[in-house]
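Reader: Before we go through this model together, please take the questions one at a time and say how each term is defined.

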Amino acid sequence: TPRARACASAAAALPARVGVVGCGQMGTGIAIVAARHPRLEVVALDAFPASLERSKAFVAEWAAKEAKKGRMSETEVADFLELLSFGSLKDEAFLRAVVPGLDFVIEAVSEDLEVKQSCYGALEAAGLREQSILASNTSSISITKLASQVSRPERVIGMHFMNPVPVMPLVEVIRGLRTDEATLQSTLRLCRAMKKEHSTSEDRPGFIANRVLMPYINEAVFALQDGVGTAEDIDKTLKLGTNVPMGPLTLADFIGLDTCLSIMRVLHRDLGDSKYRPAPLLVNYVAPGTRWALEMAQEPVTA
Ligand code: CAA
């Protein structure tokens, strides 16, 4: 039937094996939403044993919660756990056995150009196929720059997931200067398979999400610093006044103040406009030994 043919061609177009590199909070969430698709086999890789163990434990807990809430049957949980496997990025023999079979790799390691590029080098050395797609979950590094060290920059793309990945409906998709159309289309198919909406952004500092979100958060910190209101009043105003789930200071803590600061620094450096300067209070909060924004605002730290 036409429907069966359509299903078959959609299935053929989906990657069969997806690698997720980096099993932190983001990578674990990405692995979960990928393996929720009944035809995607997912291998999650990380260099650190403790990170792999935390990730496995989170996945098991997440699946148990879904089952308890009646959103997954026992068979679905068993299939899901079967589809999702873990391995060490440091195990070269394992990488050589697994990486050539990956059709699509999503990298979610730390936000550091060198770490990301050495990760791509390791994947290529382990036999990543030329036609396989390499997507980065970067929130602030240029996709074009990331692609520049890879043998097929046409196959490199940005897939910026939002935290918490299993809950947030959006993936921001970013084409680098050399990303080809086939790579974009495969990426959009994978987004749909993961049941995510997407938006597309040009490869500019902060893309769309952080170009808008981070100055908003930074401005909330400026408002706190200038004494416009207490942390509670700033958050309450935005939370109840604009119907967002968290006020900007709570959201800043949720994202991580170090991450917020580092993205502001990228916007400031790469767009060269003083309107992106990080709030000095944000810089202080990230200084070693200080604590989180809301706690800081309530209870000054003396040390
Ligand atoms: N992984 C999986 N599921 C999670 C989760 C996680 N890390 N954290 C929360 N959840 C789930 C909970 O299990 C719960 O699911 P059920 O309803 O099925 O039980 C659901 O999310 C809601 O959680 P809670 O009831 O505990 O709490 P809540 O209703 O206050 O929601 C929240 C929590 C989803 C985080 C919500 O506060 C929210 O949407 N906050 C804004 C998040 C946001 O803006 N994220 C984007 C940040 S920017 C970014 O990510 C990009 C960047 O580059 C910085």
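Reader: Which element gives the largest share of the shell around the ligand?

Author: This is a predicted model, in which local features need pLDDT of at least 70 and side-chain atom pairs count only at pLDDT 80 or more, while totals for chains, interfaces and linings use all residues. Residues are numbered from 1 along each chain as its sequence is written. A residue belongs to the shell if its C-beta atom, placed from the backbone, lies within 6 Å of the ligand, and helices are DSSP runs of H or I with at least four residues, strands runs of E with at least two, numbered from the N terminus. The largest share of that shell, 3 residues, comes from helix H9.

Reader: Which residues come nearest to the ligand, and into what classes does the shell divide?

Author: Among the 18 residues around the ligand, those that come nearest are Ser 139, Met 162, Asn 163, Pro 164 and Pro 245. For the classes, Ala, Val, Leu, Ile, Met, Phe, Trp, Tyr, Cys and Pro count as nonpolar, Asp, Glu, Lys and Arg as charged, and the others, Gly among them, as polar. On that basis the shell divides into 12 nonpolar, 5 polar and 1 charged.

Reader: Why does the ligand lie between domain 1 and domain 2?

Author: The bounds, which come from an automatic or database domain assignment, give domain 1 as 2-201 and domain 2 as 211-290. The ligand lies between them because residues of the shell are given by both domain 1 and domain 2.

Reader: How many residues of domain 1 are in contact with domain 2?

Author: The centres of the two domains, taken over C-alpha atoms, are separated by 29 Å. Two residues are in contact if their C-beta atoms, placed from the backbone, lie within 7 Å. The side of domain 1 that touches domain 2 holds no nonpolar, 3 polar and 1 charged residues, and the number in contact with 4 residues of domain 2 is 4.

Reader: What is the peptide bond from Asn 163 to Pro 164, cis or trans?

Author: Pro 164 lies in the loop between strand S6 (156-161) and strand S7 (170-175). Omega of the bond from Asn 163 to Pro 164 is near -5°, and the bond is cis.

Reader: Is Phe 207 buried or exposed?

Author: Phe 207 lies in the loop between strand S8 (197-201) and H9, and its phi is near 50°, a positive value in a residue other than glycine. A residue is buried if 20 or more other C-beta atoms lie within 10 Å of its own, exposed if 12 or fewer, and partly exposed in between, with C-beta atoms placed from the backbone. Because Phe 207 has 23 C-beta neighbours inside 10 Å, it counts as buried.

Reader: Is Asn 243 buried or exposed?

Author: Asn 243 lies in the loop between helix H10 (231-242) and H11, and has a positive phi of about 55° although it is not a glycine. Because 7 other C-beta atoms lie within 10 Å, Asn 243 is exposed.

Reader: Which residues have the most contacts inside the largest nonpolar core?

Author: A nonpolar core is a set of buried Ala, Val, Leu, Ile, Met, Phe, Trp, Tyr and Cys residues joined through C-beta atoms within 7 Å. The largest such core has 52 residues, and those with the most contacts inside it are Val 20, Ile 30, Ala 34 and Val 42.
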